[in-house]
Protein chains: 2
Amino acid sequence: MYNYKYPHPAVTTDCVIFGYDIREGLSVLLVQRGIDPFKSRWAFPGGFMKIDEDADTGARRELMEETGFEAESISQFGTFTAVDRDPRERVITIAYMALVRKGSVQGGDDAADARWFPVSAVPPLAFDHDRILRIALERLKEQIHFRPVGFELLPEVFTLPQLQALYEAILGVRFDRRNFASKMQKLGLLVPTGERPADAARRIPQTYRFNAQKYDELKQSGFRLEF
Amino acid sequence: MYNYKYPHPAVTTDCVIFGYDIREGLSVLLVQRGIDPFKSRWAFPGGFMKIDEDADTGARRELMEETGFEAESISQFGTFTAVDRDPRERVITIAYMALVRKGSVQGGDDAADARWFPVSAVPPLAFDHDRILRIALERLKEQIHFRPVGFELLPEVFTLPQLQALYEAILGVRFDRRNFASKMQKLGLLVPTGERPADAARRIPQTYRFNAQKYDELKQSGFRLEF
DNA sequence: ATACATACGCGTAATATTTACGCAAATATA
DNA sequence: TATATTTGCGTAAATATTACGCGTATGTAT
């Protein structure tokens, strides 16, 4: 038992993990709760922060425990503190988001039931996680102007039409294919691989890699990814 | 005494209140601590969140108690959770920022010793508040592209050179006076007052008000304040 | 008063960027 | 082999950015 002179809230972390593929579009990784409250409802992976770890560490630990996934970089985007957001006791949660290559997470494997859901088909979630998702999506839209989110979500080798489809999915707009291509090329963040994939469809597009070094240079000089 | 099966951190809120005037530039509102730890050091107004209030409410309450100031809108920008950030016990803090007209806060009055400090002359702060300030400044620079921060910091009636000086102070760059003016005018967010102030200096510039209604319209259609 | 230094406001030409879209080449399918 | 579809290149028109000239208003010095 731990005693305090004044009541303290419990503190949890939750991770909104975004993934993307052409078929399902933008997706999030959810786990099904095994216990009450909200038993059998889907929720973001997360759990109670330990007293001797900071929130970042706790978020990574819970993510690993519940999904087997080790995120490269997670970013805190909000802390949710509504008084009644947990029926058990006062609990506040620190929310993180991460962008991952969907292939690198094997949902529904070992750990519990982790599954990808397209953001357009997310079921009603536990706690206030619906609200957390809404805020996360807003932040993602903002971040796309500063961070190379497209490259973090796509496989290492990708085509321009794929990249464009991702931007359109996140921002909810349509671009002219030729203008998108030339704008992207001019940024210098794309490296042609030379290879061509044995894709389906009509004419086979060229493939590219992300030029991370060039991005770091541009970041230093405070530029923006304008789309 | 309150008992928990697992240890819980204490939770505080802190408010980074930004103000601005031409003489001191961008400033923050600080209060001097009366008790240990960090007794007599300056810190952001804030304190322990109550168990039956959410963090926003707690932040506003503490701000009022310590500075007598009622903020119109505060926005959460980060939660700081380093394990050793408070020497007493495990404390995490939810940080808020607000932009206010300096005239509306009478620093150093009733409540404790609240005083404005230019951001360029902030003394070493209590806890990890130096770090909190650094993050707040970064967010302010980002937000200036989406929010009319200039208008929130200036008096209701202001001149174009004043607005320009504020933008330059926050972003740390210089603009051409004529280009800045025409760009601002084209946005349609400025309403000339017709009056001219009994200012000092050379030629007296025109005064303007912020067109809040026009801003709301533009915000709907997802624009950006580009400077 | 008058001259001078300084700051404001208008306007404009040169350059760069954005936008819309034509057209030929590549490829799966019929 | 014909057809429909998609990629990649190029370009003209519209728009935005940038640099800066010039006249006017105003406080200060003489």
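These points cover the fold of chain A and the protein contacts to two DNA strands.

1. **Status.** This is a predicted model. Every distance below is computed from that model.

2. **Chain A, elements and extent.** Chain A carries 6 helices and 11 strands. Along the principal axes, its C-alpha atoms fill a box of roughly 65 × 40 × 30 Å.

3. **Chain A, burial and contacts.** Chain A has 227 residues, and 49% of them are buried. Take the contacts between residues at least 6 apart in sequence: 65% of these join residues at least 24 apart.

4. **Chain A, surface and charge.** The accessible surface is about 11,400 Å². Carbon and sulfur atoms account for 49% of that surface. Chain A has 31 positive and 32 negative charges. The mean positions of the two sets lie 7 Å apart.

5. **Surroundings of DNA strand D.** 15 residues surround DNA strand D. The closest are Arg177(A), Arg178(A), Arg203(A), Gln206(A) and Arg178(B). Among strand D atoms within 4 Å of the protein, 46% belong to sugar or phosphate. The rest belong to bases.

6. **Base contacts on strand D.** The side chain of Arg177(A) places an N or O atom 2.7 Å from a base nitrogen of DNA strand D. From chain B, the side chain of Asn179(B) has an N or O atom 2.9 Å from a base nitrogen of this strand. Asp176(B) has a polar side-chain atom 3.4 Å from a base nitrogen of strand D. Helix 5 (177–187) of chain A and helix 5 (177–187) of chain B are the elements that give two or more residues to the surface near strand D. Helix 5 of chain B gives the most, with 3 residues.

7. **Surroundings of DNA strand C.** DNA strand C is surrounded by 15 residues. The closest are Arg178(A), Arg177(B), Arg178(B), Arg203(B) and Gln206(B). Of the strand C atoms within 4 Å of the protein, 45% are sugar or phosphate atoms, and the rest belong to bases.

8. **Base contacts on strand C.** Arg178(A) has a side-chain N or O atom 2.7 Å from a base oxygen of DNA strand C. Asn179(A) puts a polar side-chain atom 2.9 Å from a base nitrogen of strand C. On the chain B side, an N or O atom in the side chain of Arg177(B) is 2.6 Å from a base nitrogen of strand C.

9. **Helix 5 at strand C.** Helix 5 of chain A and helix 5 of chain B each supply at least two residues of the surface near DNA strand C. Helix 5 of chain A has the largest share, 3 residues.

Technical notes: Residues numbered from 1 in each chain as written. Chains lettered and ligands numbered in written order. Predicted model: local features only at pLDDT ≥ 70, side-chain atom pairs only at ≥ 80, totals over all residues. Heavy atoms only, no water. Helix = DSSP H or I, 4+ residues; strand = E, 2+ residues; numbered from the N terminus. Buried < 20%, exposed > 50% of the residue type's maximum accessible area, 1.4 Å probe, protein only. Contact = heavy atoms within 4.5 Å. Areas by Shrake-Rupley, 256 points an atom, 1.4 Å probe, with all protein chains shown as cover. Lys, Arg positive; Asp, Glu negative; His and termini not counted. Charge placed at Lys NZ, Arg CZ, Asp CG, Glu CD. Near = heavy atom within 4 Å. Polar contact = N/O pair within 3.5 Å; in protein donor to acceptor, adjacent residues only side chain to side chain.
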